[in-house]
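Dear colleague,

I am passing on the structure below, together with some notes on what turned up in it. Please keep it open beside this message while you read.

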Amino acid sequence: MVVITEEMIRQFETLMDKADEPLKKTCQNMHNGYPKENLVRFLKARDGNLANAHKMLIDCLYWRIQNEIDNILAKPINPSDLCRAIRDSQLIGLSGYSKEGLPVIAVGAGRSTFDKASIHYYVQSHIQLNEYRDRVIMPNVTKKFGRYIGTCIKILDMTGLKISALNQIKLLSVISAIDDLNYPERTVTYYIVNTPYIFSACWKVVRPLLQERTRKKVQVLSGAGRDELLKIMDYESLPHFCRREGSGSSRNSINGATSDCFSLDHPFHQQLYSYVKEQSAVVRSTAPLRHGSFHVDFPEHDPVDPKIVQAIESEFQKIGNQNGICQSLEKVKLNGD
């Protein structure tokens with residue numbers, strides 16, 4: 001692991017002092033009063049290489065300006081039915097906090113279908129969740145705990161994972177690229193739970209393709225992972241799909257309130273929805289409200305390498321051919337369209 005020294009940070013600060021004012025302004029919105037910690041994230045993402053970290057941060061700031069990311073939390077997804085449809089097909093939410101105060105982000109990786117709207121709406125939704133986490137959730141929890149908290153924990157529920165998930169490879173690649181380039185080092189650990197047979201085949205192929213830094217952050221837990229997760233968080237912060245073994249991404253309620261943090265009716269999403277509406281009302285008098293998705297520039301990715309699909313299929317064949325498990329992948333759309 002690369003050690004980030006005070007001298008490296010000082011040199012980074014000197015370089016950033018030379019940046020244009022618009023870049024400095026959006027950088028302030030990024031760091032929320034913690035500029036050094038922000039620089040450390042980019043240094044870690046580039047293994048301590050100052051020149052590469054500087055370029056990465058400058059590119060990120062230009063991306064923010066060109067796509068008006070500072071204002072994205074004032075861009076509601078309308079109408080409300082569309083917002084609900086996106087929430088029902090892009091399963092993600094805040095379930096609580098770890099004992100150290102880190103936000104616990106739950107992701108329904110296995111059951112997210114991304115089939116209710118265009119890619120632009122899903123990208124907008126994802127960036128809004130990132131920005132709300134970084135500009136509202138983390139500053140609030142930092143204030144509560146009296147120390148800087150700039151990372152989160154993610155728990156990925158693989159319940160319902162199917163080979164057809166490869167159809168969404170383009171969208172998932174776009175979201176991954178946005179996070180890697182513009183929100184680096186925000187996740188300290190990825191916990192993977194409720195893994196079906198298909199996951200072991202996919203993971204055996206995908207794991208070697210990940211950067212070593214990312215691989216070290218991934219922990220695959222047994223079953224719903226409840227016992228292991230309770231070591232770092234209270235029961236109330238467990239995602240609903242971890243609260244009992246074999247529960248999966250089921251929906252339930254506690255004292256009449258939904259515990260499904262994926263739902264638009266969950267307190268987290270209601271707070272986010274209200275916050276975006278409030279921010280929109282603030283700027284409405286100075287700029288017309290634009291309808292439709294908020295288009296953000298994102299990297300174009302090549303179709304998934306057929307060799308990867310062939311490798312996954314080979315793993316299925318090793319597992320066995322019982323119950324139709326090893327079906328052909330010919331119907332999977334490799335271009336993600």
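A good place to begin is the lining of the largest cavity, to which helix H11 gives the most, with 5 residues. Please bear in mind that this is a predicted model. The structure holds 6 cavities of 30 Å³ or more, and the largest of them has a volume of about 170 Å³. Its lining is made up of 14 residues, of which Cys-83, Arg-87, Gln-128, Leu-272 and Tyr-273 are the closest to the centre. The elements that give two or more residues to this lining are H5, H6 and H11.

Helix H5 deserves a second look, since it covers residues 80–89 and has Leu-82, Cys-83, Ile-86, Arg-87 and Ser-89 as buried residues. These buried residues pack against strand E1 (92–97), helix H6 (119–145) and helix H11 (267–284).

From there we can move to the nonpolar cores. In soluble globular proteins, nonpolar side chains tend to be buried together. The largest nonpolar core here has 44 residues, and those that touch the most other members are Trp-63, Ile-69, Val-123, Ile-127, Tyr-132 and Ile-178. At least two residues of this core come from each of H5, E1, strand E2 (103–107), H6, strand E3 (152–157), helix H7 (169–182), helix H8 (197–206) and H11, while H6 gives the most, with 9 residues. Another core, of 19 residues, lies apart from this one, and its members include Met-8, Ala-19, Phe-42 and Cys-60.

Within the largest core, Tyr-132 can be followed a little further. If its neighbours within four places in sequence are left aside, Tyr-132 is in contact with Leu-73, Ile-137, Phe-268, Gln-271, Leu-272 and Tyr-275. Ring pairs also link Tyr-132 with Phe-268 and Tyr-275 into a cluster.

How many aromatic pairs are there? The count comes to 7 aromatic pairs. In one of them, the rings of Tyr-34 and Tyr-148 have centres 4.6 Å apart and planes at 40 degrees, so this pair is tilted. Tyr-34 lies in the loop between helix H2 (21–31) and helix H3 (35–45), whereas Tyr-148 lies in the loop between H6 and E3, so the pair ties together parts that are 114 residues apart in sequence. Tyr-34 counts as partly exposed, at 30% relative accessibility, and Tyr-148 is also partly exposed, with a relative accessible area of 29%.

Another pair is formed by Phe-241 and Phe-262, whose ring centres are 5.8 Å apart and whose planes are at 25 degrees, so the pair is stacked. Phe-241 is in the loop between helix H10 (226–229) and strand E6 (253–254) and Phe-262 in the loop between strand E7 (257–258) and H11, so that distant parts of the chain, 21 residues apart, are linked. Are these two rings' residues buried or exposed? Phe-241 counts as buried because its relative accessibility is 0%, and Phe-262 counts as buried at 1%.

A ring also takes part in a contact with a charge, as the charged end of Arg-243 sits over the ring of Tyr-235, 5.2 Å from its centre.

Lastly, please look at Val-2, which lies in the segment before helix H1 (6–17) and is partly exposed, with a relative accessible area of 37%. Not counting residues up to four places away in sequence, Val-2 touches Asp-47 and Gly-48. The C-alpha atoms of Val-2 and Asn-49 are separated by 9.6 Å, although these residues are 47 residues apart along the chain.

With best wishes

Conventions. Residues numbered from 1 in each chain as written. Predicted model: local features only at pLDDT ≥ 70, side-chain atom pairs only at ≥ 80, totals over all residues. Heavy atoms only, no water. Buried < 20%, exposed > 50% of the residue type's maximum accessible area, 1.4 Å probe, protein only. Helix = DSSP H or I, 4+ residues; strand = E, 2+ residues; numbered from the N terminus. Contact = heavy atoms within 4.5 Å. Core = buried A, V, L, I, M, F, W, Y, C linked by side-chain atoms within 4.5 Å. Phe/Tyr/Trp six-rings, centres within 6.5 Å; stacked < 30°, edge-to-face > 60°. Lys NZ or Arg CZ within 6 Å of the ring centre and 35° of its normal. 1 Å grid on protein atoms, 1.4 Å probe; cavity = no way out; pocket = protein on both sides within 12 Å on 5 of 7 lines; lining within 4 Å. Points joined across faces, edges and corners; volume = space filled by probe spheres on them.
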